[in-house]
Amino acid sequence: MKNFYKLLCLLAVVTFSVACSSGSGDDNGGGGGAELSVSTPVVSSVTDNSAVVTATATGSGITSRGVCYSTNANPTINDTKVTGTSAKMTLTLASLQASTTYHVRAYAQTSATIQYSDDVTFTTAEKASSDLDDWKAPTYVDDYRSISTWDKRGQWNLGNVHDPSVMKADDGYYYMYCTDAGYGDPQAGHGHFHCRRSTDLINWEYLGATMPNTPSWVQTKLNEIRAEMGLGASTAGTNYGYWAPCVRKVKTGLYRMYYCIVVPGTIDGDGTWSERAFIGLMETSNPGDVNSWKDKGFVITNYSDKELNYRVPATDWANCYFKYNAIDPSFVITPEGEHWLIYGSWHSGFAAVKLNPETGKTVVDPLPNPWGAANESAYGKQIWTRRAGDRWQASEAPEVIYHDGYYYLFMAYDALDVPYNTRVVRSKTIDGTYTGDEAIMTHPYKFSGDQGWVGISHCAVFEDGQGNWFYASQQRFPTTAGGNVPNAVMLGGVRSIQWLSTGWPVVMPERYAAVPKVAITAEELVGTWEHIDLGYDYGKMKTSSTMTFAADGMITDGAWKGGKWSFDASKNTLTANGVELKVQRECDWEASPRKHTIVYAGINGDKSYWGKKK
């Protein structure tokens, strides 16, 4: 029995020796590892770029000891290593990448062999404030006039952008499509509805025109309608306007563009109303190929509630012939899968018409003649009017999106040069009624030290698939920039949208520049701000004034002096003088050089506010 017990003990020793040698089964390992003992490392004090590793390595004949690490499993001394000088080692791994999983093993080496410990993993933290140090501000110039010509289109970026429509495609790119317009009309003769794309919403690659030539159906349809009106063929020529496309992803492999073609001239000479416009449809399965768009023809045209009484002078806007103007489409797919087209401009407001999801055309197809009370429903339902009974609307460019139970209708108000501004209303249903205080989303404005911006409207509103919303529009220099710039220099501007606790959106004042979303603290809000009251003032720029937030929660200077402020970091919400304001890190485009800063935007009834930390 005693001999049997001795045999068991001997077997246990042999087994333990084999186990101790098992860690050396790498290419660099070998026999003899039983004389070495290497503990499993313990990792602590992990940051975004470093970690501390403790381990022990003992045995006879050790020539080198330490830890080795890699992003691959079972690292060896051929990977990155840190050596120790004693059996008990506390070693720091430096220059690590943030948010990265590393493998680490301790080792001991003799002239004959290497012994490794078990593999241990750890993950570095996300980068914090150093992200802001690494961020680089965009460098493209706002005044693009020197590169506005056709031969320099590869440098345009967001130059020559007018009435943009933006959508994100399956290939990961954001695609932007525009009205045919630019400084000096460089696109003339080079097709229509030009496209550019971006992966970051900052740097945009110009791709080219999606429509090489005017589709033949336009002239044919125009003359068909004229014949029904008792008129001869149009003599207006083909100097058409190509305006305001709207592009959406319908489903994987199918994208639709609703576009506007406006016919010049009047219906029948002097004393008659302007000729009609058309909305057409194109489709593609690959937006990255501008030559892949296929025209699908006529969708809708202007509707009149005045029968054939078109003898209205073209200057009599308040009494114009058409009720619905067939421009500025916004294509919406509801959560229930219904397809709708919202369209209209100036003439009595906006209409909503239901579409056939399979064809992209109106449910009533073909449409009846575009006049008469009996035919109106086929052309849609009025969902918004700025002035009931007055067709001098000064509102256009409806853009409808769905968010959290509401349909939001963004629209452009007033003349499209200096006064242009953006409003929003909302509805529980796609076809209205849309209500609200017509809150101002954008307005001509000027922060100190800069010429400011006017004409900020006719927007696209879109989401990135991660719950982040954006606003894209044209914006223009004020007249102080010299030359005919308010109507000619059209720079695209992309801004972030945030949502208040009331559900209403706010557009952040500074353009989006991918500033890292490092957490904002209350301490950072203390100090001097530039504050802008965006209260409506036709044709005037709203300029900034200083406001000071003190560390004790009081507002000690500025328009809200005597008020209090507080900050909810969990919601990025600043409450100042009773107004809810969303805060966000953005680029200070007015600074030289450009830098990151903090901005705010908020609404209180029909008043809106912007701010920027100085």
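This note covers one antiparallel sheet and the cysteines of a predicted model.

1. Basis. The model is predicted, so that local features need pLDDT of at least 70 and side-chain atom pairs count only at pLDDT 80 or more, while totals for chains, interfaces and linings use all residues. Residues are numbered from 1 along each chain as its sequence is written, and side-chain values use heavy atoms, with hydrogens and water left out.

2. The sheet. An open sheet is built from 4 strands in the order 10-11-12-13, with antiparallel pairing; strands are DSSP runs of E, at least two residues, numbered from the N terminus, and two of them pair if DSSP finds at least two bridges between them. Strand 10 (165-168) and strand 13 (205-211) are the edge strands, each pairing on one side only. Neighbouring strands of this sheet are turned by 25° against each other on average, direction ignored, where the axes are lines fitted to C-alpha atoms and angles run from 0 to 180 degrees between N-to-C directions.

3. Strands 10 and 11. Strand 10 pairs with strand 11 (residues 174-177) in the antiparallel sense over 4 bridges, and Ser 165 stands opposite Tyr 177 in strand 11.

4. Cysteines. With a disulfide taken as a pair of cysteine sulfur atoms within 2.5 Å, the count comes to 0 disulfides. For Cys 320 the closest cysteine sulfur, in Cys 260, is 16 Å away, too far for a bond; for Cys 459 it is that of Cys 246, at 11 Å, also too far for a bond.

5. Burial. Cys 320 is buried, with a relative accessible area of 0%, and Cys 459 counts as buried at 5% relative accessibility (buried means under 20% relative accessible area, exposed over 50%, partly exposed in between, with a 1.4 Å probe and protein chains only).
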